[in-house]
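Me: I'd like to go through this model with you and check the terms against their cut-offs. Shall we start?

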Amino acid sequence: MTGQASALIVADLYRLSRSSTEFARIIEALDEADVPLYVVGQGRVSLPAAPELGIMLAIAEYEAEHSEEDFTL
């Protein structure tokens, strides 16, 4: 191995970043490095083209906004 990651595993997409700009950069970097993305419970996620990236960003932002509700008493 050359010190590069062979895969990225996350619990949820929104855990990648709370910023849509940063999320897009991470997805682009994974794509350029040919590193697969796995989401727990969903398996391997295909890295999206531009239209799908927008949808993934919207889902990640929604999950990030609503994840705090899960932890409130």
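Me: What share of the area that the protein exposes do carbon and sulfur atoms supply?

Reply: Carbon and sulfur atoms supply 52% of the about 5200 Å² that the protein exposes, with accessible areas from the Shrake-Rupley method and a 1.4 Å probe, where for residues only the protein chains shown count as cover. This is a predicted model, in which local features need pLDDT of at least 70 and side-chain atom pairs count only at pLDDT 80 or more, while totals for chains, interfaces and linings use all residues. Residues are numbered from 1 along each chain as its sequence is written, and side-chain values use heavy atoms, leaving out hydrogens and water.

Me: Why is Gly41 called exposed?

Reply: Its relative accessibility is 83%, and exposed means over 50% (buried is under 20%, partly exposed in between; 1.4 Å probe, protein chains only). Therefore Gly41 counts as exposed. Gly41 lies in the loop between β2 (37–39) and β3 (43–45), strands being DSSP runs of E with at least two residues, and helices runs of H or I with at least four, numbered from the N terminus.

Me: What makes β1 and β2 a pair?

Reply: Two strands pair if DSSP finds at least two bridges between them; 3 bridges join β1 to β2, so the two count as paired, and they run parallel. Leu8 has Leu37 in β2 as its bridge partner.

Me: Which order do the strands of the open sheet take, and why do β1 and β3 stand at its edges?

Reply: The order is β1-β2-β3, with mixed pairing. β1 (8–10) and β3 each have a single partner strand, so one side of each lacks a neighbour in the sheet.
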